[in-house]
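Please open the model in a viewer and keep the sequence at hand. The tour below proceeds by selection, with a note on what each selection shows.

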Amino acid sequence: MPLKIKAGKLKKIAAGAAVSKMVKLKEVASAKEAQKKEILVVMLKNVALVGVRYKLTKPDGTVEKGVVDGSCRIQALVEPGGQSKLEFELPLPSTTAPATTAGGPSSTTATENSTQTYQVLYNGKTISDDNIKAVLQKIADTLEGDVNVTSGDRNYVPAGGSQTSLHLQKRAADLSVSGYSLKDAFAKLKEQKATIFDADKKYEVIRHGDHTATGGPHIHIGRFATGTGVSFKVEGLTEVSKGVYTLDN
Ligand SMILES: [Zn+2]
């Protein structure tokens with residue numbers, strides 16, 4: 001039998017009121033059986049927890065990790081009784097705290113945390129633009145992999161490079177992401193663009209493939225001085241598209 005918990009402050013949050021650090025348990029209907037208990041996950045202010053990774057540390061010290069599914073629920077067997085800890089990995093500012101309720105014969109506390117951090121490795125390259133640097137960190141956080149910078153500010157045009165390159169304007173970076181192929185990283189940037197890029201600025205994201213006219217395969221990110229939106233482009237994925245830029249939004 002599923003365990004049902006109600007969150008006292010759920011309504012306030014849904015109504016757009018101030019975010020509370022924790023949602024208090026109000027009512028535990030049934031908490032007897034040592035079978036799969038449900039932990040009901042509620043929404044953060046403006047943020048659904050669907051797809052967010054979680055880590056549940058049970059009273060006996062065992063750890064269960066998973067991803068919050070489309071129903072916004074986490075299924076877990078919590079026994080024997082005692083303290084459990086439910087943590088979420090949120091690529092969010094620290095002002096937004098997860099609101100959770102949890103069940104089982106144990107009492108469960110929710111904590112705001114991130115279990116692992118990911119870095120931007122500049123490899124000695126300089127990037128002057130603070131916004132591009134912030135974007136790179138958001139890529140590391142969102143994709144959960146270190147960002148390896150292979151080029152930043154430039155005062156020259158390399159072979160196969162553009163005369164109007166945003167590198168010359170010091171608002172660009174070339175990179176790869178640890179744990180991702182360039183293809184997968186590019187797809188993920190597209191999928192997560194609302195999280196990674198600022199809505200009031202204009203960016204280009206280019207995947208330079210194996211047949212690139214540039215120095216080698218990489219992902220390029222640049223910010224324009226004005227405008228809004230993110231345009232995704234590919235170049236050199238095949239021999240015939242060497243040096244040919246195609247919009248791939
Ligand atoms: Zn570039």
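Begin by selecting β12 and β13 in this predicted model: the two strands run antiparallel and are joined by six bridges. Within this pair, I206 is found opposite H220 of β13.

Next, add β14 (residues 229-235) to the selection. Together with β12 (residues 202-208), β14 forms a parallel pairing that extends over seven bridges. At K202, the residue standing opposite in β14 is G229. Colouring β12 by burial is instructive: five of its seven residues are buried, so the strand is largely enclosed by the rest of the structure.

Now widen the view to the whole sheet. The sheet is open and mixed in its pairing, with seven strands in the order β9-β10-β11-β13-β12-β14-β15. At its edges lie β9 (120-121) and β15 (245-247), each of which pairs on one side only.

Which strands does helix α2 touch as it packs on the sheet? Selecting residues 130-143 displays α2, which touches β9, β10 (147-151), β11 (172-177) and β13 (218-223). The direction of α2 makes about 15° with that of β11.

Proceed to helix α3, residues 182-191, which also packs on the sheet. Its contacts there are with β11, β12, β13 and β14, and its direction makes about 30° with that of β13. Select A185, F186 and L189, the buried residues of α3. These residues cover an arc of only 100° around the axis, which puts them on the same side of α3. Turn to the other side of α3 to find D184 and E191, both exposed. To see what covers the buried residues, display the surrounding elements, including α2, β11, α4 (193-196), β12 and β13.

The last stop is the largest nonpolar core, which has 27 residues. Highlight L136, I139, V147, A173, L175 and I221, the residues with the most contacts inside this core. Two or more core residues come from each of α2, β10, β11, α3, β12 and β13. Which element gives the largest share of this core? That element is α2, with six residues.

Finally, centre the view on I139. Leaving aside neighbours within four places in sequence, I139 is in contact with V147, V177, L189 and I196. Of these contacts, L189 has already been visited as one of the buried residues of α3.

How values were computed:
Residues numbered from 1 in each chain as written. Predicted model: local features only at pLDDT ≥ 70, side-chain atom pairs only at ≥ 80, totals over all residues. Pairing = 2+ DSSP bridges. Helix = DSSP H or I, 4+ residues; strand = E, 2+ residues; numbered from the N terminus. Contact = placed C-beta atoms within 7 Å. Axes fitted to C-alpha atoms, helices over the stretch in contact; angles between N-to-C directions. Buried ≥ 20, exposed ≤ 12 C-beta atoms within 10 Å, placed from the backbone. Arc of directions from axis to C-beta. Core = buried A, V, L, I, M, F, W, Y, C linked by C-beta atoms within 7 Å.
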